[in-house]
Amino acid sequence: MVPGEYSKMMPQAVYDVELVSSTKSIKHELWPLDAIDPVQAKFPCCLVWTPLPVVSWLAPFIGHVGICREDGVILDFAGSNFVNTNDFAFGPVARYLQLDREKCCFPTSLAAHKCKQGYQHSQFGTAITWDDGLQSSKRYLEHKSYNLFTCNCHSFVANCLNRACYDGSMSWNMINVAALILWKGHWVDGMSIVRSFLPFVLVVCLGIAMVGWPFLIGLSLLSLLLVGWFIMGTYCIKSLLEC
């Protein structure tokens, strides 16, 4: 080697190493996802929903929700200090919505935020990949007590989305998580629609047959009370639904 060539090669070598490292980081962050496979219960980077026993029979818009890792494994907050992994509580997925990782903010430093809420995002807690965010939220919820009315599966999903600052928002909560999956989600198949609404239809028919139209009025009031509770706790008295 000619003297002086080594020193000239060093900056280029360092540049090549940094370039390869950077490329690998990007590839890991946006690694190509496998196809959605309902048979194997694999829903990469999806929100998933299934009806709840008894509760969904009376209010079919209420259900159990989870969020999936990049490999399609489902995580769901299913009980106090417990986040389920690859065993979706309350039955198979009925509805799903795949999210776009391009809409997430995964900063490696405070200066690397691509969202407009860098300081708030850093205070809340960030992630460097999709799965890293889910794992951090899982550890956080594993120290929380489950309560259907104050700290539930929707709280866990909202925490995951806030940690990723999904769609540039740090305001994910029970209400908009439920609205997102219900309005934009896709049914897995026709049987999923049947098992989501058939019990409710049967309860309504049986109630009207036995009690009459007052049953329908009572059921409507119950739904309004539930919706009112979550709206009030989410937007008015936020301390009610702290999780």
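This passage describes the fold, nonpolar cores, salt bridges, backbone features and annotated C-terminal segments of a predicted model.

The protein comprises 243 residues, of which 39% are buried. Its secondary structure amounts to 8 helices and 6 strands. Read from the N terminus, these elements follow the order α-β-α-β-β-β-β-α-α-α-α-β-α-α. Among contacts with a sequence separation of 6 or more, 63% join residues 24 or more positions apart. The accessible surface of the protein was computed at about 13,600 Å², and carbon and sulfur atoms account for 64% of that area.

The interior was examined next. The largest nonpolar core contains 30 residues, and Ile67, Leu99, Trp130, Phe156, Val157 and Leu161 have the most contacts inside it. Both strands and helices contribute to this core: β1 (46–51), β2 (63–68), β3 (74–79), α4 (130–141), α5 (153–163) and α6 (174–184) each supply two or more residues. The greatest contribution is that of α5, which provides 6 residues. A second core, separate from the first, consists of 8 residues, including Phe43, Cys68, Phe88 and Val93. The surroundings of Leu161 illustrate the packing in the largest core. When neighbours within four places in sequence are set aside, Leu161 contacts Ile67, Leu99, Tyr166, Ser169, Trp172 and Val177. Two of these partners, Ile67 and Leu99, are themselves listed with Leu161 among the residues that have the most contacts inside the core.

Ser169, a contact partner of Leu161, also takes part in a spatial approach between separated parts of the chain. The C-alpha atoms of Lys116 and Ser169 lie 8.8 Å apart, although the two residues are separated by 53 residues in sequence. Lys116 is situated in the loop between β5 (95–98) and α3 (118–124). With a relative accessible area of 86%, Lys116 is classed as exposed because its value is over 50%.

Side chains of opposite charge can pair when their charged atoms come close. In the whole structure, 2 salt bridges were found. One of them joins the side chains of Glu70 and Arg101, with an N to O distance of 2.8 Å. This pair connects distant parts of the chain, since Glu70 belongs to the loop between β2 and β3 and Arg101 to the loop between β5 and α3, 31 residues apart. Both partners count as buried because their relative accessible areas are under 20%: the value is 12% for Glu70 and 9% for Arg101. The other salt bridge is formed by the side chains of Arg69 and Asp71, likewise at 2.8 Å from N to O. Here the partners are partly exposed, with relative accessible areas of 24% for Arg69 and 37% for Asp71.

Backbone geometry was considered at two further positions. Most residues other than glycine have a negative phi. Cys45, by contrast, has a positive phi near 55 degrees. Cys45 lies in the loop between α1 (5–29) and β1, and its relative accessibility of 0% places it among the buried residues. Asn81 is also not a glycine and has a positive phi, of about 60 degrees. This residue occurs in the loop between β3 and β4 (82–85). Unlike the buried Cys45, Asn81 is partly exposed, at 45% relative accessible area.

Towards the C terminus, an unreviewed UniProt entry places the feature "transmembrane region" at residues 197–216 and 222–241. In the model, the span 197–216 is 90% helix and 0% strand, and its end C-alpha atoms lie 16 Å apart. The span 222–241 is 75% helix and 0% strand, with a distance of 19 Å between its end C-alpha atoms. A nonpolar surface patch is formed by Met191, Ile193, Val194, Phe197, Leu198, Val201 and Leu202, which together have about 600 Å² of accessible area. Val194, one of the patch residues, is located in helix α7 (residues 190–210). The relative accessibility of Val194 is 38%, so this residue counts as partly exposed.

How values were computed. Residues numbered from 1 in each chain as written. Predicted model: local features only at pLDDT ≥ 70, side-chain atom pairs only at ≥ 80, totals over all residues. Heavy atoms only, no water. UniProt positions renumbered as here; feature names shortened; annotations may be inferred. Helix = DSSP H or I, 4+ residues; strand = E, 2+ residues; numbered from the N terminus. Patch = residues over 30% accessible without salt bridge, like charges linked within 9 Å, V, L, I, M, F, W, Y side chains within 5 Å. Areas by Shrake-Rupley, 256 points an atom, 1.4 Å probe, with all protein chains shown as cover. Salt bridge = Lys/Arg side-chain N within 4 Å of Asp/Glu carboxyl O. Buried < 20%, exposed > 50% of the residue type's maximum accessible area, 1.4 Å probe, protein only. Core = buried A, V, L, I, M, F, W, Y, C linked by side-chain atoms within 4.5 Å. Contact = heavy atoms within 4.5 Å.
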